[in-house]
Amino acid sequence: MKHFLSFPKSVKRKFSSSLLFPIYGLCGLLLVIGFYRLHDISAPASSVSYENVQVTDPKQQEADFEAYLNNLFQTQVTSNTLNLHYTLADPSSADISSYPVTFGEISSKKESEQLAALENMKNELHTFHPSSMSVSAQLAYDVLDDSLTRSLELAPFRYYEELLSSTGGVQSEYPILLAEYAFHSVKDIEDYLTLLSQYDTFFEQICTFEKEKAKKGLFMNETAVNNVIEQCRAFVPEDSKNSFWETTFQERLNQIKTLSKKEKQAYIKQNHELLQEHVYPAYHNMIAVLKALKKEGKNNQGLCYFKDGKKYYELLVKSTTGSDRSIPNLQEMVEKQRDKNLAALTLAASKLEQNTSSKTLPYQAPEDMLEHLKKKIKAAFPAAPQANYTVKNVNEKLQDFMAPAFYLTSPMDRFTENCIYVNPGNDYNEIELFTTLAHEGYPGHLYQTVYSYSKDLLPIRYILYHGGYTEGWATYVEILSYHYAGLDENMAEALMLNQDATLSLYATIDMGVHYDGWSLADTVDFLGAYGITTTSVISKIYQTIIENPANYLKYYIGYLEFLSLKEQAKKYYGNDYSELMFHTTILNMGSAPFYLLEKYFVKYYRAAN
């Protein structure tokens, strides 16, 4: 059934995600929308000496370990105010009374400081002895150790990273984060305006970074530059008074009921002036710098064409996916899954009757779809705490540059309020919208986030982002959701298998381009074997993968790793296995690399029973 496969109208279709947390440091693990890593790591100002920890008192050691992690959490979360605000609505709830208001710093000097800080953190972590601690503390130790290891491995490849990706760069993600920057207090308003005053300085640091990349022969290709420039222009409105920068600010001021009319007008005036003096000039300057550098990008193909690019890609894939398998093993894993699905798809398609060709669902509104999903998942997924959500459309002027949908991560101390963005420009059909909402909402990102917060993990766990777990989970439940939609079962099965096989193509191309050095012609030949021949679509896919190495892998490899864990659990537990207990165990462990999920699965499964 090769003709059954087809790529969606939008190349970004289904690679939506949750928004936030690539702004952190610790190896760039912190990143929740195909996002960006700021590398803001500071050494924790520890008030406790861990050099002479005595394992003879396990309780005291675990208390000291938790104090160390809490100290580390406070240091990391306050190194970037956007991180802080989206992690904690009320910083005092985590004993944070004061903090610098900053986007962080991007510079060679800062990078050297951060590398030293990483090494110090790892040395300090290794003064503890996890075997004497509780299972949850052991897992936290291993997760942090893995994060620090990945950070140190990637440190020499700083200039291989790209902060201005056209499908997840600072230039497009920060405006959304700022537009949704909730005002819980007057302090939030003041912090927000301070951040706006730093926008041009921060963007200048990024421009300096891009110039340094160009000198090292690692600058993006010309097509990528043009894409980023086009996005930058979209964030400089022609009618500034009615721009989303202005209107969303005024709407959020209404959240503070104690403000007088005079105070509101003063803030509105200040916001307008800061946009004119700092934000819009930041974009104009970035456009000018990128234009000047446009011809510096010499590599129009994958990372493997850069010196040491193949090594970087291997490390990037491990960090991004959380899988410890080699690239050749991952390639084989993906190919086997695709072959199996295509064989099953042929059989499923043969069972389709003519009267099942309609895909009309009994509900069209996103909210109705989400409520339907909440009911359908009750038997196979553990109950999550009650949470509210709002579904919003992406601003019309930004639809061409934003993901098809994304979940805006809620603060850990106020997780009952959530927001999902849907991009109408993606032109969804009903099934696509339904499965996308499963990915972003229930039982995807929103559900997984609020459930995790309800488990009261050690705070550091909530800021160590693992893309393979987070996006792999959302992809796993998205695939399952075809059977929740109320379709004829044969149709649901065929669509599910088709989507699985289609996503596998992205994963194979990603590894083919960046590891094996596929050209555009190679990609055309590969997809042609599956009946996909539209050159314009293939060219966009190729360029998107060039600009976002390993990004698609966190979705599909993460998904396959969950399937692998599920198969292991079924074999191990036999008749005692259930979908409910598998999902409960996976969710109770929280986000982590897959080799650690496998290591701790039995212990957490027993606890769930």
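In this predicted model, a polar atom in the side chain of H278 lies 3.3 Å from the backbone oxygen of S197. H278 itself belongs to helix α10, which covers residues 261-293, and its relative accessibility is 19%. Because buried means under 20% relative accessible area, H278 counts as buried at that value. When its neighbours within four places in sequence are set aside, H278 is in contact with L196, S197, Y199 and D200, so that S197, the residue whose backbone oxygen was named above, appears in this list as well.

**The protein as a whole**

The protein has 609 residues, of which 61% count as buried, and its secondary structure comes to 22 helices and 4 strands. Among the contacts in the protein with a separation of 6 or more, 78% are accounted for by residues 24 or more positions apart.

**Helices α3 and α4**

Helix α3 is formed by residues 108-125 and helix α4 by residues 135-154, and their axes come within 10 Å of each other while crossing at roughly 150 degrees. That angle makes α3 roughly antiparallel to α4, since angles over 145 degrees count as roughly antiparallel. The crossing of the two helices, α3 and α4, is left-handed. On the side of α3, the contact is made by L115, L118, E119, M121, K122 and L125, and on the side of α4 by Y141, L144, D145, L148, T149, S151 and L152. Sorted by class, the residues in this contact of α3 with α4 are 8 nonpolar, 2 polar and 3 charged.

**S134, between the two helices**

The loop between α3 and α4 holds S134, a residue that is partly exposed, with a relative accessible area of 27%. Although S134 and E62 are 72 residues apart in sequence, their C-alpha atoms are 7.9 Å apart in space, and a polar contact of 2.7 Å joins the side chains of S134 and E62. The side chain of S134 also makes a polar contact, of 3.3 Å, with the side chain of S136.

The distances between polar atoms described in this report are gathered below.

| First partner | Second partner | Distance |
|---|---|---|
| S134 side chain | E62 side chain | 2.7 Å |
| S134 side chain | S136 side chain | 3.3 Å |
| H278 side chain | S197 backbone oxygen | 3.3 Å |

Technical notes. Residues are numbered from 1 along each chain as its sequence is written. This is a predicted model: local features need pLDDT of at least 70, side-chain atom pairs count only at pLDDT 80 or more; totals for chains, interfaces and linings use all residues. Side-chain values use heavy atoms; hydrogens and water are left out. Axes are lines fitted to C-alpha atoms, for helices over the stretch in contact, and angles run from 0 to 180 degrees between N-to-C directions. Angles under 35 degrees count as roughly parallel, over 145 as roughly antiparallel, 65 to 115 as roughly perpendicular and the rest as oblique. A crossing is left-handed if the near helix is turned anticlockwise from the far one by less than a right angle, and right-handed if clockwise. Contact means heavy atoms within 4.5 Å. Ala, Val, Leu, Ile, Met, Phe, Trp, Tyr, Cys and Pro count as nonpolar, Asp, Glu, Lys and Arg as charged, and the others, Gly among them, as polar. Buried means under 20% relative accessible area, exposed over 50%, partly exposed in between (1.4 Å probe, protein chains only). A polar contact is a pair of N or O atoms within 3.5 Å; within protein, one must be able to donate a hydrogen and the other to accept it, and residues adjacent in sequence count only if both atoms are side-chain atoms.
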